[in-house]
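Reader: I am new to this structure and would be grateful for a close look at its nonpolar core. Please then continue from there to the other local features that deserve attention.

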Amino acid sequence: MQVSSLNEVKIYSLSAGRSLPEWLSDRKKRALQKKDVDIRRRIELIQDFEMPTISTKIKVSRDGQYIMAVGTYKPRVRCFDTYQLSQKFERCLDSEVVTFEILSDDYSKIVFLQCGRFVEFHSQHGHYYKTRIPKFGRDFSYHYPSCDLYFVGASSEVYRLNLEQGRFLNSLQTEASESNVCDINPVHFLFAMGTAEGKVECWDPRTRNRVGLLDCALSSVTADTEIEGLPSISTLKFDGALNMAVGTSTGQVLLYDLRSSNPLIVKDHYYGLPIKSIQFHHQLDLIISADSRIIKMWNKDTGKIFTSLEPEHDINDVCLYPNSGMLMTANEAPKMNIYYIPVLGPAPKWCSFLDNLTEELEENPESTVYDDYKFVTKKDLENLGLTHLIGSSLLRAYMHGFFMDIRLYHKAKMMANPFAYEEYRREKIRQKIEETRAQRVQLKKLPKVNKELALKLIEEEGEEQQLSKKRKQKNLPSLLKDDRFKVMFENPDFQVDEQSEEFRLLNPLVSKISQKRKRKLKILEELEAQGAEEEEEPEGKASDAESSESSDDEKGWVEEVRKQRKLLRQEEKLKRQERLKEDQQTLLKPQFFEIKEGEEFRSFKDSAKKQKLMKKTLEDRLKLEEKLGTLNVSDTTVGSKQATFKLKK
């Protein structure tokens, strides 16, 4: 059982772990469980809670006893009995199921909307009846007072099938070209349908007239959202008599009050994927929305994230077990996931042991594998003097560094820097003293680190404040007071090195820019001080003066940079000369070499001679060997050449 935590909300994955193949015999399964610890420790809440390939939809019956899921391949429906914690039955179908609805309290009455325009009815014993609708269907809803099924799909019409009379009734004519989803309010039975144009049409089933129209596509686009196309409606769900949540194909969830055309809140998933499912959790006022990648739980009043979970495989549907903290998902994998979140509610009655199990886990938390190891880079190993351990079993290579035992790391750190704890203690005491001093009445003092930079920022801030007062603008936040840059003026590691090459080359430019800015501020102040009538002439003079000054500044800056470069070159030359002097002063110690048995020592120059000889041409090498007497070349009677040579030892 895997445990994850986000925002201090624990999520227990009950379907984690390896699943065993169906074709294995019971004997082999038992043998595997004895051998493999992971298989033995896994929790199989419902036996064989999976599909052959993928699962598309999952629902719970109203009495809470049966969980029904559809999937492929081959297209099938599976019913699981929660009281027996196993599969009750499985039925194969002719074509894939788009969606289905459980009409009764148990599994005795089910309607399936299939891909090939078929509508299939199942009773307790199995297949009951099959009919077709004129166009391809995408969703349907059941209107309990009149026993009507409302089908929406690739048409502007909403088809009505009466189950009491057993015939099609007059369809509803809408303005939409196509409809994606529909839902019926459980309180006042208002029928709502989401269109491909991003609108929601509301109809009264009693009068068969349209009573409202919401443009959700326009409301979903805010200043922060980025969309590539027109958002269409991908899911729709009513909550009570007045609230309705709408999910778009671009990843936004809009919560509406039916009395207003503007949404109460717009929540973006930031993935750009269609919203697949929306559920309501009334005890904590949460909305559980899911796209194919993530399930998000957020407060319906504020929009603040409560928690979220990302399954390993893409999500097709989400089902919240009534009055509990159990969540089930149908996904693009054989195994259907089951999650238990104790904060949302207790475990269902049929698996009440989960509460005791999670309580025990919270009392005895297991330490993760990485708690006993420390990640170190190659630079850290050099500082600790442990580079010789690279390649040994004490270091495990991982990404850009290594994992090492935390005990070994602490020992090595103590040996490398035995006074590290004392320094850390001293630093902590200093920080505590600084915090207590901060509570007193303080005079304006410069920080200990980067004093010149702080002084420059204070001066700039003062100038900007004066200018903003005259222009009646808001003051910008100070860099010195910003918590993000606080460490820059406290930690000595952030001290600006004025002797570094980068600083010396950039300093002329920075100083010239600051001087130029000060001049510009002075000119602006002079212009504002003068009257409105005399404003044109000085402005022209100021611009001319500014252009001439800017050109002078550029020349001065270039000269300054050149000067700095020249100084840097001279310093490098001096350093090189010092290094040469040091090399000359160092005495070379004699080195001894051992000669193997059977070898003769000639000289160290032989290797150099051989390299020179190898660079010469074949003709030159032959001439040289003739001179030395190791090679003799003569003409034969046939007209060819004959060469005799002596081998070297």
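Author: The account below begins with the core and then moves through buried strand residues, aromatic rings, a hairpin and some backbone details. The model is a predicted one.

The largest nonpolar core contains 23 residues. Within this core, the residues with the most contacts are F49, I58, M326 and M328. Four elements give two or more residues to the core, namely β3 (54-60), β4 (66-72), β28 (326-331) and β29 (337-340). The largest share, three residues, is that of β28. In soluble globular proteins, nonpolar side chains tend to be buried together.

F49 offers a good place from which to view this core. Once neighbours within four places in sequence are set aside, F49 is in contact with I58, I67, F80, M328, K335, M336 and I338. Of these partners, I58 and M328 are themselves listed with F49 among the residues with the most contacts inside the core. A second core, separate from the one just described, has 15 residues and includes A290, I295, L309 and I315.

A residue of the second core also appears among the contacts of S277. S277 belongs to strand β23, which covers residues 277-281. Not counting residues up to four places away in sequence, S277 touches T235, I288, S289, A290, D317 and V318. With V318 there is also a specific polar approach: the side chain of S277 reaches the backbone oxygen of V318 at 3.5 Å. S277 has a relative accessibility of 5%, and therefore counts as buried.

Another serine can be described in similar terms. S179 is placed in strand β15, residues 179-184. Because its relative accessible area is 1%, S179 is buried. Its contacts, again leaving out residues up to four places away in sequence, are with R138, V152, G153, S155, M193, G194 and T195.

The aromatic rings come next. The count of aromatic pairs in the model is ten. One of them joins Y142 and Y144 in an edge-to-face arrangement, with 4.6 Å from centre to centre and 80 degrees between the planes. The two tyrosines of this pair are classed separately by accessibility. Y142 counts as buried because its relative accessibility is 14%, while Y144, at a relative accessible area of 39%, is partly exposed. Elsewhere, Y66, F89 and Y107 form one aromatic cluster.

The ring of F118 is involved with charged side chains. The charged end of K130 sits over this ring, 4.4 Å from its centre. The charged end of R132 also sits over the ring of F118, at 4.7 Å from the centre.

The hairpin of β17 and β18 is the next subject. Strand β17, residues 199-204, pairs with strand β18, residues 209-215, in the antiparallel sense over six bridges. K199 stands opposite D215 of β18 in this pairing. Four residues lie between the strands of the hairpin, and R208 takes a positive phi near 55 degrees.

Some backbone details in loops complete the picture. In the loop between β4 and β5 (76-81) lies Y73, and K74 is placed in that loop as well. The peptide bond that joins T72 and Y73 is cis, with omega about -5 degrees. The bond between Y73 and K74 is also a cis peptide bond, with omega about 10 degrees. Y73 therefore takes part in both cis bonds, a point worth checking in the displayed model.Two further loop residues have positive phi values. Phi of L85, a residue other than glycine, is near 55 degrees. L85 lies in the loop between β5 and β6 (86-92), and its relative accessible area of 26% makes L85 partly exposed. Y270, also a residue other than glycine, has a positive phi near 60 degrees. The loop that holds Y270 runs between β22 (265-268) and β23. Y270 is exposed, because its relative accessible area is 61% and the class begins over 50%.

Key. Residues are numbered from 1 along each chain as its sequence is written. This is a predicted model: local features need pLDDT of at least 70, side-chain atom pairs count only at pLDDT 80 or more; totals for chains, interfaces and linings use all residues. Side-chain values use heavy atoms; hydrogens and water are left out. A nonpolar core is a set of buried Ala, Val, Leu, Ile, Met, Phe, Trp, Tyr and Cys residues joined through side-chain atoms within 4.5 Å. Buried means under 20% relative accessible area, exposed over 50%, partly exposed in between (1.4 Å probe, protein chains only). Contact means heavy atoms within 4.5 Å. A polar contact is a pair of N or O atoms within 3.5 Å; within protein, one must be able to donate a hydrogen and the other to accept it, and residues adjacent in sequence count only if both atoms are side-chain atoms. Rings of Phe, Tyr and Trp (its six-membered ring) pair if their centres lie within 6.5 Å; planes under 30 degrees apart count as stacked, over 60 as edge-to-face and the rest as tilted. A charge sits over a ring if NZ of Lys or CZ of Arg is within 6 Å of the ring centre and within 35 degrees of the ring normal. Two strands pair if DSSP finds at least two bridges between them.
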